[in-house]
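Dear colleague,

I am passing on to you the structure we spoke about, and below it you will find a short account of what came out of it. Please look through the structure before you read on.

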Amino acid sequence: MPRVSKAEAERNRAEIERVSSRLMRERGLGVSVADVMGAAGLTHGGFYKHFASKDELIAVSCTRAFGQSASDWQASVDRSEGTADPRSALVNYYLDPATRADPGEGCPMVALASSVSHSPVDAPVRDTFRAGLEELIDILTRAQPADGEAARTRALGDISTMVGALLLAQATEGTPLSDDIIAAAHAALLNEAPTAERPSV
């Protein structure tokens with residue numbers, strides 16, 4: 001079998017990370033190495049050429065998922081410049097029905113929090129999850145109209161409401177309750193009256 005070039009090995013690793021990040025957000029941390037490698041179009045035996053263990057892959061995939069979210073959140077803030085306040089822009093972006101509809105590309109907090117909470121206290125993914133969460137909290141803190149500790153406190157409340165609402169909305173997707181949860185969270189965060197018209201799924 002011909003030797004894989006360095007460039008091809010790098011492409012293979014990037015594809016493993018991409019696929020793993022998506023599958024773990026869809027199915028949780030219990031997704032198998034075989035499932036990841038199969039979805040990446042690679043053999044199971046090639047896994048250890050790229051990663052020392054599944055724990056390493058989980059941590060890397062978690063980092064990738066949070067990095068994608070942080071990039072999307074910052075882009076939402078940047079787009080709001082001159083048109084709306086950043087906090088409202090983030091809330092509107094996060095609670096958009098499209099976010100609920102594609103968990104594989106969606107919020108890692110919603111997708112992974114339960115699995116991470118059941119991981120051993122010394123599992124690498126716990127530190128990775130916390131670091132990713134802190135980055136999103138920082139973005140939301142800077143988007144607040146308040147300053148200092150008040151801004152962080154409000155950001156923590158916002159993110160808890162946003163994540164809880166999206167989790168419950170995904171768990172009830174396809175029912176009127178799912179739309180009602182999103183609408184109520186949106187209204188509570190932005191101090192608006194809930195709209196009677198539900199967003200389309």
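What follows goes from the overall fold to the nonpolar core.

Please keep in mind that this is a predicted model. The secondary structure of the protein chain consists of nine helices and zero strands, so that, read along the sequence, the pattern is α-α-α-α-α-α-α-α-α. Taken along the principal axes, the C-alpha atoms fill a box of roughly 65 × 40 × 35 Å.

Of the 201 residues in the protein chain, 41% count as buried, and the accessible surface comes to about 10,600 Å², with 54% of that area belonging to carbon and sulfur atoms. As for charge, the chain carries 20 positive and 28 negative charges, and the mean positions of these two groups are 6 Å apart.

Turning to the interior, the largest nonpolar core has 49 residues, and those with the most contacts inside it are W73, Y94, L95, M109, L112, L136 and I159. At least two residues of this core come from each of α1 (6-27), α2 (33-39), α3 (54-79), α4 (86-94), α6 (108-117), α7 (124-142), α8 (148-171) and α9 (176-190).

L136 may serve as an example: leaving aside residues up to four places away in sequence, L136 touches F66, S69, A70, W73, M109 and I159. For the protein chain as a whole, among the contacts with a separation of 6 or more, 60% are between residues 24 or more positions apart.

With best wishes

Methods: Residues are numbered from 1 along each chain as its sequence is written. This is a predicted model: local features need pLDDT of at least 70, side-chain atom pairs count only at pLDDT 80 or more; totals for chains, interfaces and linings use all residues. Side-chain values use heavy atoms; hydrogens and water are left out. Helices (H or I, at least four residues) and strands (E, at least two) are DSSP runs, numbered from the N terminus. Buried means under 20% relative accessible area, exposed over 50%, partly exposed in between (1.4 Å probe, protein chains only). Contact means heavy atoms within 4.5 Å. Accessible areas come from the Shrake-Rupley method with a 1.4 Å probe; for residues, only the protein chains shown count as cover. Lys and Arg count as positive and Asp and Glu as negative; His and the chain ends are not counted. The place of a charge is taken as NZ of Lys, CZ of Arg, CG of Asp or CD of Glu. A nonpolar core is a set of buried Ala, Val, Leu, Ile, Met, Phe, Trp, Tyr and Cys residues joined through side-chain atoms within 4.5 Å.
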